[in-house]
Amino acid sequence: FLRRIIIKGLKEAERQDAIDSYSSGEISLGKFSEILQITKWDALDLLKERGIKLQYAIEDLEEDLEID
């Protein structure tokens, strides 16, 4: 029981760190979604739920258009 609470707290702390990094422009939306292991669409939904404005720069567009 205690272990689950600790793990949940750590995941939330990681999520908040990623949100803070995204909000300050330190990381892109792609990196944000990668860190949290969610899709970009889910990342956008999460940011919207938290009232965080979309940070989308030319570099993000280039990253999104990049073909692997």
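User: I'm new to this one, so let me start small. Is Gln37 buried or exposed?

Analyst: Keep in mind that this is a predicted model. The way to read it is to take the relative accessibility and compare it with a cut-off: exposed means over 50%. Gln37 has 74% relative accessibility, so it counts as exposed.

User: Where does Gln37 sit along the chain?

Analyst: You'll find Gln37 in the loop between α2 and α3. Its backbone is worth a look too: the phi of Gln37 is near 55°, a positive value in a residue other than glycine. That turn of the backbone comes just after α2.

User: You mention helices. How many helices and strands are there in the chain?

Analyst: There are four helices and zero strands. Going along the sequence, the pattern reads α-α-α-α. For a sense of scale, the C-alpha atoms fill a box of roughly 45 × 30 × 20 Å, taken along the principal axes. The chain has 68 residues, and buried ones make up 22% of them.

User: How do I read which side of a helix faces inward?

Analyst: Start with the general idea: an α-helix has 3.6 residues a turn, so residues three or four places apart point the same way. Now take α2, where Leu29, Gly30, Phe32, Ser33 and Leu36 are buried. Looking down the axis of α2, those buried residues fall within an arc of 160°, so they line one face of the helix.

User: What do the buried residues of α2 pack against?

Analyst: They pack against α1, α3 and α4, the last of these covering residues 58-65.

User: Which residues form the largest nonpolar core?

Analyst: A core is read by following buried nonpolar residues whose side chains touch. Here the largest one has ten residues: Ala18, Ile19, Tyr22, Ile27, Leu29, Phe32, Leu36, Ala43, Leu46 and Leu47. The elements that give two or more residues to this core are α1, α2 (29-36) and α3 (40-49). Try zooming in on one member, Ala43: leaving out residues up to four places away in sequence, Ala43 touches Leu29, Phe32, Ser33 and Ile38.

User: Leu44 comes right after that. Why does Leu44 count as partly exposed?

Analyst: The partly exposed class runs between the 20% and 50% cut-offs. Leu44 has 27% relative accessibility, so it counts as partly exposed. Leu44 lies in helix α3, and apart from neighbours within four places in sequence it is in contact with Leu29 and Leu54. The C-alpha atoms of Leu44 and Leu29 are separated by 8.1 Å, though the two residues are 15 apart along the chain.

User: What about Ser21: is it buried or exposed?

Analyst: Use the other cut-off this time, since buried means under 20%. Ser21 has 18% relative accessibility, so it counts as buried. Ser21 belongs to helix α1, residues 2-23. Not counting residues up to four places away in sequence, Ser21 touches Glu26 and Ile27.

User: How do I read contacts over the whole chain?

Analyst: Look at how far apart the partners sit in sequence. Among contacts between residues at least 6 apart, 41% join residues at least 24 apart.

User: Now the empty space. Which residues line the largest pocket?

Analyst: The general idea is simple: rolling a probe the size of a water molecule over the atoms shows where empty space is left. The largest pocket here has a volume of about 180 Å³, and its lining is made of Lys8, Lys11, Glu12, Glu14, Arg15, Ile35, Leu36 and Gln37. So Gln37 turns up again, as one of the lining residues. α1 gives the most to this lining, with five residues. By class, the lining has two nonpolar, one polar and five charged residues.

User: How many cavities of 30 Å³ or more does a search of the whole structure find?

Analyst: The search finds one. About 40 Å³ of space lies in the largest cavity, and α2 and α4 are the elements that give two or more residues to its lining. The lining consists of Ser28, Leu29, Gly30, Lys40, Tyr56, Asp60, Glu63 and Asp64. The largest share, three residues, comes from α4. Sorted by class, the lining divides into two nonpolar, two polar and four charged residues.

Terms used:
Residues are numbered from 1 along each chain as its sequence is written. This is a predicted model: local features need pLDDT of at least 70, side-chain atom pairs count only at pLDDT 80 or more; totals for chains, interfaces and linings use all residues. Side-chain values use heavy atoms; hydrogens and water are left out. Buried means under 20% relative accessible area, exposed over 50%, partly exposed in between (1.4 Å probe, protein chains only). Contact means heavy atoms within 4.5 Å. A nonpolar core is a set of buried Ala, Val, Leu, Ile, Met, Phe, Trp, Tyr and Cys residues joined through side-chain atoms within 4.5 Å. On a 1 Å grid over the protein atoms alone, a cavity is a set of points where a 1.4 Å probe fits but cannot get out, and a pocket is an open set with protein on both sides within 12 Å along at least five of seven lines; lining residues have an atom within 4 Å of a point. Grid points are joined across faces, edges and corners, and a volume is the space filled by probe spheres set on the points. Ala, Val, Leu, Ile, Met, Phe, Trp, Tyr, Cys and Pro count as nonpolar, Asp, Glu, Lys and Arg as charged, and the others, Gly among them, as polar. The arc is that of the directions from the helix axis to the C-beta atoms.
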